[in-house]
Amino acid sequence: MNEIGWPTIDSKHLIVDSKQMLILEKEMFSDGMPQEALMEKAGIQISLWLLKRKHLLKNGVVVVIGPGHNGGDGAVIARELLLNGNLVKVWCPFPIKKTLTNNHLNYLTSIGVTKLVEPPDPNGKELWIDAVFGNNQTRKVDNKLIKLFNQKFHINYGKVVSIDVPTGLCPDKGKPFLENSVKANYTLAIGLNKIGLMQDCALPFIGELHHIDIGVHIKKPLTVDKKIFKVTYKDVKNINLPALSKNSHKYNRGRTLLIAGSRKYPGAAYLALKGAISSGAGFISAVLPELVADSIWHIAPEIVLKGSMQSNQNGSASLFNSLNKIDLNLYDSLAVGPGIGIDNKDWEKSRDLLMNFEGLLILDADALNRISESKFGSRFFLERKFKTWITPHSKEFLRLFPYIESDTYVGLALKAAKEFNISVLLKGANSVIADNKKAWQLYGTDSQTARAGLGDLLSGFIAGSSAIDLTFNRNITTEFFAKYVLLHSFAASKCKSGSNASAIGDDLSKLIRNCKTRQIS
């Protein structure tokens with residue numbers, strides 16, 4: 001089950017590192033694509049993007065041209081903007097090294113483009129285009145140039161557009177080579193999405209990220225060995241959820257069990273249950289702290305209470321006594337962790353029960369913290385032989401896997417998934433979902449919805465949604481996991497009644513119904 005069904009493997013969705021992009025370009029050249037033609041396509045497509053945004057061009061344009069082919073792209077842009085009636089100037093802060101770039105630059109001066117001798121004035125109102133280094137930059141850049149660009153950015157009299165990658169920003173890590181890089185209002189990624197631009201750490205530098213299609217042949221993305229996908233809210237329309245049979249009863253519409261909440265965090269239990277209810281799962285059971293168990297029938301009467309949890313002296317929930325009385329294998333999915341608190345002795349007693357659960361085990365929040373503090377630590381995942389999904393944020397991930405290192409969230413998630421044979425959701429501004437071969441990275445999510453309780457809602461939603469899908473396909477893949485995370489984020493961004501987790505749960509329920517009837521707008 002390693003085939004990709006969602007999203008489409010194309011240049012809009014595929015994420016690559018700088019070496020993979022370079023290999024693809026060389027393959028295109030060896031197939032007969034002239035370098036001149038590729039530069040023309042990139043420059044013209046970016047020019048068309050700019051010409052659709054007249055407000056950026058109204059005060060003229062300064063194109064800062066670098067020594068290589070990124071500078072050549074900038075020269076083509078300068079030419080096209082001039083020919084369309086815009087006032088254009090160029091500045092070359094470094095000696096030109098590529099013949100093709102130099103030829104374009106010579107042509108620019110022959111048709112009347114002003115070539116600046118001194119650096120442009122950052123107090124001017126022109127649009128500045130950063131066409132200095134792009135995807136091929138591998139080292140630190142003159143700090144004076146970066147300071148000049150960022151002076152322009154902060155004065156904000158005219159915008160800054162970076163071509164492919166902001167100058168000074170590592171295209172693979174998303175971090176500046178030194179302490180800073182060019183800060184752009186817009187970054188226009190050429191051809192394929194660069195992995196560094198997808199990372200949370202790149203957000204202060206790239207501004208609005210836009211993909212520039214240069215007509216990469218549909219077969220080329222298929223040849224990339226490591227599949228990493230950019231998914232956005234536009235991809236929600238292409239999510240297919242199973243249509244439940246009209247004569248199916250509650251037990252074959254997904255059976256899930258949630259273990260959530262404590263005296264310390266009773267609200268986490270309610271939000272996790274709300275997430276499960278919003279999924280449309282047919283049979284939702286729960287083991288809850290006594291405080292919540294006594295009142296849950298007032299709030300969510302459809303929940304089947306399977307047990308209540310006492311709390312230790314710190315207010316954390318004790319799971320074992322209740323779990324020991326339940327046949328866990330009656331359930332398709334089991335979610336453990338939201339708000340249960342830390343109780344290491346209780347975890348050690350409960351460990352084998354969870355280890356032997358044959359369905360999908362979803363571990364979140366304090367379940368992960370209990371694992372990281374236990375004497376076995378992350379070896380729990382190696383010993384468990386059945387499907388396991390985990391949902392850590394960055395600090396929880398570090399506690400679980402302190403020795404796993406990578407320059408990106410994608411790399412961290414892929415390494416953990418491969419080593420422990422699990423699927424990982426690594427939460428962040430641009431969350432990553434990964435298994436041992438593939439990864440999906442959310443992009444363009446709503447920053448206003450990073451609020452307490454949303455993780456609890458998500459855990460319950462994943463539990464309920466996976467339970468439904470497991471009734472159709474016992475071997476659901478990480479692709480399903482990625483879909484659930486995107487749907488949850490989409491509902492949060494579209495919620496008109498607020499950005500709190502409870503309100504978003506109501507909208508998530510409506511979204512799932514609309515998704516199943518193909519009514520997403």
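Here's a quick briefing on the fold, the sheet and the cores of this protein.

The model is a predicted one. The protein's secondary structure adds up to 20 helices and 19 strands. Ten of those strands, S10 to S19, line up in an open sheet, and the biggest nonpolar core has 57 residues.

**Overall build**

- With 521 residues, a compact globule would come out with a radius of gyration near 24 Å; the protein has 26 Å, so the two agree.
- If you lay the C-alpha trace along its principal axes, the spans are about 85 × 50 × 45 Å.
- Buried residues make up 57% of the 521.
- Contacts between residues 24 or more positions apart account for 73% of those with a separation of 6 or more.
- About 22400 Å² of the protein is exposed, and carbon and sulfur atoms supply 50% of that area.

**The open sheet**

- Reading across the sheet, the strand order is S10-S19-S18-S17-S16-S15-S14-S11-S12-S13, with mixed pairing.
- The edges belong to S10 (227–231) and S13 (304–309); each has a single partner strand, so one side of each is left without a neighbour in the sheet.
- From one strand to the next, the twist averages 15°.
- Strands S11 (residues 255–259) and S12 (residues 283–289) run parallel and are joined by 5 bridges.
- Within that pair, look for Leu257, which sits opposite Ser285 of S12.
- Helix H18 (residues 454–472) packs on the sheet, where it touches S11, S14 (333–336), S15 (360–363), S16 (388–390) and S17 (423–426).
- The direction of H18 makes about 160° with that of S11.

**The nonpolar cores**

- In the largest core, the members that touch the most other members are Leu258, Leu273, Leu288, Trp389, Leu486 and Leu487.
- Helix H19 (residues 478–494) contributes the largest share of this core, at 9 residues.
- Another core, of 56 residues, lies apart from that one, and its members include Leu169, Leu197, Phe283 and Phe397.

**A closer look at Leu486**

- Leaving aside residues up to four places away in sequence, Leu486 touches Trp6, Val231, Thr232, Tyr233, Asp235, Val236, Ile239 and Leu442.
- One of those partners, Val231, falls within edge strand S10 (227–231).
- Leu486 itself is among the best-connected members of the largest core, touching the most other members along with Leu258, Leu273, Leu288, Trp389 and Leu487.

Conventions:
Residues are numbered from 1 along each chain as its sequence is written. This is a predicted model: local features need pLDDT of at least 70, side-chain atom pairs count only at pLDDT 80 or more; totals for chains, interfaces and linings use all residues. Side-chain values use heavy atoms; hydrogens and water are left out. A nonpolar core is a set of buried Ala, Val, Leu, Ile, Met, Phe, Trp, Tyr and Cys residues joined through side-chain atoms within 4.5 Å. Buried means under 20% relative accessible area, exposed over 50%, partly exposed in between (1.4 Å probe, protein chains only). Helices (H or I, at least four residues) and strands (E, at least two) are DSSP runs, numbered from the N terminus. Contact means heavy atoms within 4.5 Å. Two strands pair if DSSP finds at least two bridges between them. Axes are lines fitted to C-alpha atoms, for helices over the stretch in contact, and angles run from 0 to 180 degrees between N-to-C directions. The radius of gyration is taken over C-alpha atoms; the globule rule is 2.2 Å times the number of residues to the power 0.38. Accessible areas come from the Shrake-Rupley method with a 1.4 Å probe; for residues, only the protein chains shown count as cover.
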